[in-house]
Amino acid sequence: MNKLKLLIALCIIAGMNSLVSAQSWPDKPVKVIVPYAPGGGVDPVARLVSQKLADIWKQSVVVENKAGGSGTIGANFVAHAPSDGLTILMSATAEVVINQHFMQKMSYNPDIDLKPVTLLVKLPFVLVTNPSKPYSTAAELIAYAKKNPNTVTYASSGPGTPQHLAAVMLEDQAGIKLVHVPYKGVAPSVSDLLAGHVDIGFAGLPTALPHIQSGALKALGLSSKATSSAAPNIPPLARTPGLQNFDLTQWFGVYVPSGTPNAIALKIQKDIVDVLRMPEVKDTLEKQGAQPGNMSMAEFQSFSNSESKKFGAIVKTAKIEP
């Protein structure tokens, strides 16, 4: 009985220490790791949120870009960082739910080494083409591709990336055969779409929207089932016959090393959600076509698990070689 009382007392003390630690956290500068190059994708979102977190935490919050390996270099850095909450991963989708399904060797296990904290944003892709191409809707593209199998080329930012898997889903649901042209990143793929060197491609809405508005690219449809307030005239691909089940979005999430105390992870989650609710932050993100997140740790864990299963099934269909 005395041993049981001692165990309970120790648990209470540990819980109190964790609470005190969370209340005084952060007592040092915080690193936010973005596993991609500056300027594109998750980077501007991470910088916007980090500026606001620095104000809340009264500490320096430094964004560091550790690009390479389809996001795995930066994710691995965080996975093996000290579990004090001072090193935070702001990730895209690949390094936390996709790569593990086709990369034979990874220096971390995202399901074991990283703790999901919360969702930053969800944002749809938009299927685009050069104005010179002979199709202006998804239905016209599908009809053309069926008449001309293995001739329509599509750009992606690399094998196994969400852009690649979105096109694989399009092929599978539409019953068409396309030709994959992988690039080393988003910028060169969009550049060749603008030049007409490749026929179609999926691009993040914030990236593609200025080119669509200028007339440099034609929008054929959104990858999400819902429309976007940033581009209400672009219809979801799911409205196209044969694509009724098409629904795929890119998302950016927040992770910390798995050993990070829950009290600290919960503080990070709460403060990030508070930032995402700020009118100026929410307005900025929504104008870019991004939907700010609002998930608890448990909700984000469940979301991450379901996304891993979904993308894993697409990877299997794609038969991606490591």
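# Rings, buried faces and turns in one chain

Reader: Over the ring of which residue does the charged end of K310 sit?
Author: In this predicted model, the charged end of K310 sits 5.7 Å from the centre of the ring in question. A charge counts as sitting over a ring if the lysine NZ is within 6 Å of the ring centre and within 35 degrees of the ring normal, and the ring that fits here is that of F311.

Reader: How far from the ring centre of F77 is the charged end of K66?
Author: Here too a lysine is paired with a phenylalanine, for the charged end of K66 sits over the ring of F77. The distance from the centre of that ring is 4.4 Å.

Reader: How are W251 and F303 arranged as an aromatic pair, stacked or edge-to-face?
Author: A search of the whole structure finds seven aromatic pairs. One of them joins W251 and F303, whose ring centres are 5.2 Å apart and whose planes make an angle of 65°. Planes over 60 degrees apart fall in one class and planes under 30 degrees in another, so with its 65° this pair is edge-to-face.

Reader: How many residues apart are W251 and F303, the two partners that link distant parts of the chain?
Author: W251 belongs to strand β9, which covers residues 249-257, while F303 belongs to helix α12, which covers residues 297-318. Both W251 and F303 are buried, and ring pairs also link the two with Y255 and F300 into a cluster. Along the chain, W251 and F303 are separated by 52 residues.

Reader: What radius of gyration does the protein chain have, and how does that value fit the globule rule?
Author: The chain is built with twelve helices and ten strands. For 322 residues the globule rule gives 20 Å, and the chain comes close to that value, so it is as compact as a globular protein of that length. Its radius of gyration is 21 Å.

Reader: What share of the contacts with a separation of 6 or more joins residues 24 or more positions apart?
Author: Of the 322 residues in the chain, 50% are buried, and the accessible surface comes to about 14600 Å², with 55% of that surface belonging to carbon and sulfur atoms. Among the contacts with a separation of 6 or more, the share between residues 24 or more positions apart is 78%.

Reader: Around the axis of α6, how wide an arc do its buried residues A138, L141, I142 and A145 cover?
Author: An α-helix has 3.6 residues a turn, so residues three or four places apart point the same way. In helix α6, residues 138-147, the buried residues include A138, L141, I142 and A145, and what covers them includes β4, α7, β7 and β8. They lie on the same side of α6, because the arc they cover is only 100°.

Reader: Is the peptide bond from W25 to P26 cis or trans?
Author: P26 lies in the loop between α1 and β1. The omega angle of the bond leading from W25 to P26 is near -5°, and the bond is cis.

Reader: Is W57 buried or exposed?
Author: W57 lies in helix α2, and its C-alpha is 8.1 Å from that of W25, although the two are 32 residues apart in sequence. Beyond its neighbours within four places, its contacts include W25, P26, V30 and I88. Its relative accessibility is 5%, and because the cut-off is under 20%, W57 counts as buried.

Reader: Is K58 buried or exposed?
Author: K58 is found in the loop between α2 and β2, and its phi is positive, about 55°, although it is not a glycine. Its relative accessibility is 71%, and because that lies over 50%, K58 counts as exposed.

Reader: Which residue, 66 residues from T151 along the chain, has its C-alpha 20 Å from that of T151?
Author: The residue lies in the loop between α9 and β8, and at 4% relative accessibility it counts as buried. Leaving aside neighbours within four places, its contacts include V128, T129, L193 and H211. The residue is L217.

How values were computed
Residues are numbered from 1 along each chain as its sequence is written. This is a predicted model: local features need pLDDT of at least 70, side-chain atom pairs count only at pLDDT 80 or more; totals for chains, interfaces and linings use all residues. Side-chain values use heavy atoms; hydrogens and water are left out. Rings of Phe, Tyr and Trp (its six-membered ring) pair if their centres lie within 6.5 Å; planes under 30 degrees apart count as stacked, over 60 as edge-to-face and the rest as tilted. Helices (H or I, at least four residues) and strands (E, at least two) are DSSP runs, numbered from the N terminus. Buried means under 20% relative accessible area, exposed over 50%, partly exposed in between (1.4 Å probe, protein chains only). The radius of gyration is taken over C-alpha atoms; the globule rule is 2.2 Å times the number of residues to the power 0.38. Contact means heavy atoms within 4.5 Å. Accessible areas come from the Shrake-Rupley method with a 1.4 Å probe; for residues, only the protein chains shown count as cover. The arc is that of the directions from the helix axis to the C-beta atoms.
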